[in-house]
Amino acid sequence: EMACRLRVGGTGFEVEAGRTRREIYMRCVCMCVCVYVCSTQKMNLFQAVSSAMDNTLANDPTAVIFGEDVAFGGVFRCTVGLRDKYGKDRVFNTPLCEQGIVGFGIGIAATGATAIAEIQFADYIFPAFDQIVNEAAKYRYRSGNMFDCGRLTIRAPWGCVGHGSLYHSQSPEAYFAHTSGLKVVVPRGPVQAKGLLLSCIKDNNPCIFFEPKILYRAAVEQVPVDSYYIPLSQAEVLQEGSDVTLVAWGTQVHVLKEVANMAQEKLGVSCEIIDLKTILPWDSDTVCKSVVKTGRLLISHEAPVTGGFAAEISSTVQEECFLNLEAPIARVCGYDTPFPHIFEPFYIPDKWKCLEAVKKMLNY
């Protein structure tokens, strides 16, 4: 057999040439995990998102994609070529009306079809807030499970990009984390993006899928060409450590990877890194298990600190792990101001701010 990429429980490792499929299979059975064997292709994040939607349109004849400018590929090219491949009845533009886009998606999903709606920037999701929070999230509950719009997935480019200023840089995940009935997901790279997006599309609940736009072209990985699914609501320990737990999602995961390396080199500190991946419902067990081991927790996100999702994580860990904590929980986040333009480098929670917080916890 040729060397191939093996998807195991949402993580990947290389299988060397010479291994037969039976050997690979038996190895995975022993690990009690699910196995997906696929050919792979080098993709950046937007190509991985496009690949996920391509797979969906090919395999699900009810699936449709719609939003502002998606017919010609979208601002970030995530839907490029899909209209030509699947037709204008399945990939089509909408008016510039976010409330209408989501309301339309709820209606399509309520009929049993698969609806993939794009909000051009996460900053512009707020006109659709009522449709998402009061309609989509509550549709199943208010009908006693007679009706639902669970086949609705809402995609939106998310987070800072270096020059987006106040209307193209926001991270609004915490607004939706307060809403039962939704699932909120943020990937850190191409492999995760495709697997998590396909899981959102397949899920029986309406999902919001925020895509870190600064990573659209910057993040490149070998991504399986065929469909595969990464479980929602399961955080991933990217690096094991013994002294400090670092938690983030999306772009900030890469910042904390740098912080962990700096802490090891400069301070001799071993950091455990956790990618939360799903904001709602979030995996508190993985985070609490890590904090019990390390005794220290740092949470970092780009959104403003007050009412940010780091506060929810901090509160839960305080309740569950109080006697294990060696220092107060640290939140390194954006400031309580609109997202600035020229002052973005001072606003974002960069590696230096995070490293300083690690030092403070160690010296407590």
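Is R77 buried, partly exposed or exposed? Let us work that out together, along with a few other exercises on this predicted model.

**Exercise 1. Classify R77 and describe its backbone.**

Step 1: Find the residue. R77 sits in the loop that runs between β5 (64-67) and α3 (82-86).

Step 2: Look at its accessibility. R77 has a relative accessibility of 27%, so it counts as partly exposed. The class of partly exposed lies between the cut-offs of 20% and 50%.

Step 3: Check the backbone. The phi angle of R77 is near 70 degrees, which is a positive value in a residue other than glycine. Most residues other than glycine have a negative phi.

**Exercise 2. Do the same for S233.**

Step 1: Begin with its place. S233 belongs to the loop between β11 (220-224) and β12 (236-239).

Step 2: Turn to phi. For S233 the angle is near 65 degrees, again a positive value outside glycine.

Step 3: Assign the class. With a relative accessible area of 22%, S233 is partly exposed.

**Exercise 3. Find out which form the peptide bond from L280 to P281 takes, cis or trans.**

Step 1: Read omega. For the bond from L280 to P281, omega is near -10 degrees.

Step 2: Name the form. This peptide bond is cis. Most peptide bonds are trans.

Step 3: Place it in the fold. P281 lies in the loop between β15 (278-280) and α10 (284-294).

**Exercise 4. Describe the largest pocket and its lining.**

Step 1: Start with the space. The largest pocket holds about 310 Å³.

Step 2: Pick out the elements. Two or more lining residues come from each of α7 (173-177) and β16 (297-304). The largest share, three residues, is given by β16.

Step 3: Go to the centre. Of the 18 residues in the lining, Q170, S171, Y175, A303 and P304 lie nearest the centre of the pocket.

Step 4: Sort the lining by class. It has 10 nonpolar residues, seven polar ones and one charged residue.

**Exercise 5. Which residues make the nonpolar surface patch of about 380 Å², and how accessible is I342?**

Step 1: Name the members. I342, F343 and F346 make this patch.

Step 2: Locate I342. You will find I342 in the loop between β17 (330-334) and α12 (344-347).

Step 3: Classify I342. Its relative accessible area is 64%, and exposed means over 50%, so I342 is exposed.

Terms used
Residues are numbered from 1 along each chain as its sequence is written. This is a predicted model: local features need pLDDT of at least 70, side-chain atom pairs count only at pLDDT 80 or more; totals for chains, interfaces and linings use all residues. Side-chain values use heavy atoms; hydrogens and water are left out. On a 1 Å grid over the protein atoms alone, a cavity is a set of points where a 1.4 Å probe fits but cannot get out, and a pocket is an open set with protein on both sides within 12 Å along at least five of seven lines; lining residues have an atom within 4 Å of a point. Grid points are joined across faces, edges and corners, and a volume is the space filled by probe spheres set on the points. Helices (H or I, at least four residues) and strands (E, at least two) are DSSP runs, numbered from the N terminus. Ala, Val, Leu, Ile, Met, Phe, Trp, Tyr, Cys and Pro count as nonpolar, Asp, Glu, Lys and Arg as charged, and the others, Gly among them, as polar. Patches are made of residues with over 30% relative accessible area and no salt bridge: like charges are joined within 9 Å, nonpolar side chains (Val, Leu, Ile, Met, Phe, Trp, Tyr) within 5 Å. Accessible areas come from the Shrake-Rupley method with a 1.4 Å probe; for residues, only the protein chains shown count as cover. A salt bridge is a side-chain nitrogen of Lys or Arg within 4 Å of a carboxyl oxygen of Asp or Glu. Buried means under 20% relative accessible area, exposed over 50%, partly exposed in between (1.4 Å probe, protein chains only).
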